[in-house]
Amino acid sequence: MRGAGQSFPSKKSGVYRQWNIEGYEARKFLSKTKITDLSRQIAKVNHGEEITFEQILLTDNPPDPRLVIIDRQIADHVHNKQMDLLALSRPNGSGAFSFLVIEVKLGKNPELRDSVAMQLNNYVAHVDKYIDDYINCYSRNYAQQRRLGLLNFKSAEDKIEILPIVEGLVVVGGYSGIAQDAIAELKSNHPNIRVKEMRNSLVSVD
């Protein structure tokens, strides 16, 4: 973020730069000028169709009593592979949440036919292995977002319970003509993998 380092010390971490700030400094650090500049820099970067589709999923699925997409592009200290999306799920809309790891693929992505299954299973196994850490982290994350006014869906609690349960889901979008065969092959080879295809058809399918 251009200019942020002038008043807030930072350190380099790989390709990223990190700032540690106190709560009372947040308003100054996240000033309108800095956020506008950051948005302008992001707009210059072309992350490709798959990231665009991921962003569409985020904007079209705001926090809801049944599903809260709590984080994106998730990595941690022992696992540098990035999960696309991590959600808190409770299909009935009340009670405790569980984790849902979401892998986002375009219909033309060759990984959709098979290797996405290994990706997703590895991510689910990793979260399950470190489930206590993930529960602690995302219980606090949820509470912080709630206090910041980012989770204002009806009946949103100030604090939540997260069960030690992790599931996975592959969400497929675009290129439906190509995707059909790939999804069929994926389900045939990995019947335990849940797949949700998002379609933008202009005609009804009877």
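Q: In this predicted model, what makes E3 and E4 a hairpin?
A: Strands E3 and E4 form a hairpin with two residues between them, and they run antiparallel, joined by seven bridges. Since a pair of strands needs at least two bridges, the seven bridges between E3 and E4 satisfy that condition. Within this pairing, Asp76 stands opposite His79 in E4.

Q: How do you know that E4 also pairs with E5?
A: Five bridges join E4 to E5, where at least two are required for pairing, and therefore the two strands count as paired. Their directions are antiparallel, and Ala87 stands opposite Leu100 in E5.

Q: Why is E4 described as largely enclosed by the rest of the structure?
A: A residue is buried if its relative accessible area is under 20%, and eight of the eleven residues of E4 are buried, so the strand is largely enclosed by the rest of the structure. For the chain as a whole, buried residues make up 34% of the 206 residues.

Q: What makes the pairing of the sheet mixed?
A: The open sheet has five strands in the order E3-E4-E5-E6-E7, and its pairing is mixed. In general, strands of a sheet pair through backbone hydrogen bonds, either parallel or antiparallel. Here E3 and E4 run antiparallel, as do E4 and E5, whereas E6 and E7 run parallel and are joined by four bridges. In that parallel pair, Val171 stands opposite Lys196 in E7.

Q: Why are E3 and E7 called edge strands?
A: Strand E3 (67–76) and strand E7 (195–198) each pair on one side only, and this is what the term edge strand expresses. Neighbouring strands of this sheet are turned by 30 degrees against each other on average, with direction ignored.

Q: How do you know that helix H4 lies across the sheet strands, and how is it directed relative to E5?
A: Helix H4 (residues 48–60) lies across E3, E4, E5, E6 and E7, where a contact requires heavy atoms within 4.5 Å. The helix runs at about 140 degrees to E5.

Q: Which strands does helix H7 touch, and what is its direction relative to E7?
A: Helix H7 (residues 176–189) packs on the sheet, touching E6 and E7, and its direction makes about 175 degrees with that of E7. On a scale of angles that runs from 0 to 180 degrees between N-to-C directions, a value of about 175 degrees places H7 and E7 in nearly opposite directions.

Technical notes:
Residues numbered from 1 in each chain as written. Predicted model: local features only at pLDDT ≥ 70, side-chain atom pairs only at ≥ 80, totals over all residues. Heavy atoms only, no water. Buried < 20%, exposed > 50% of the residue type's maximum accessible area, 1.4 Å probe, protein only.
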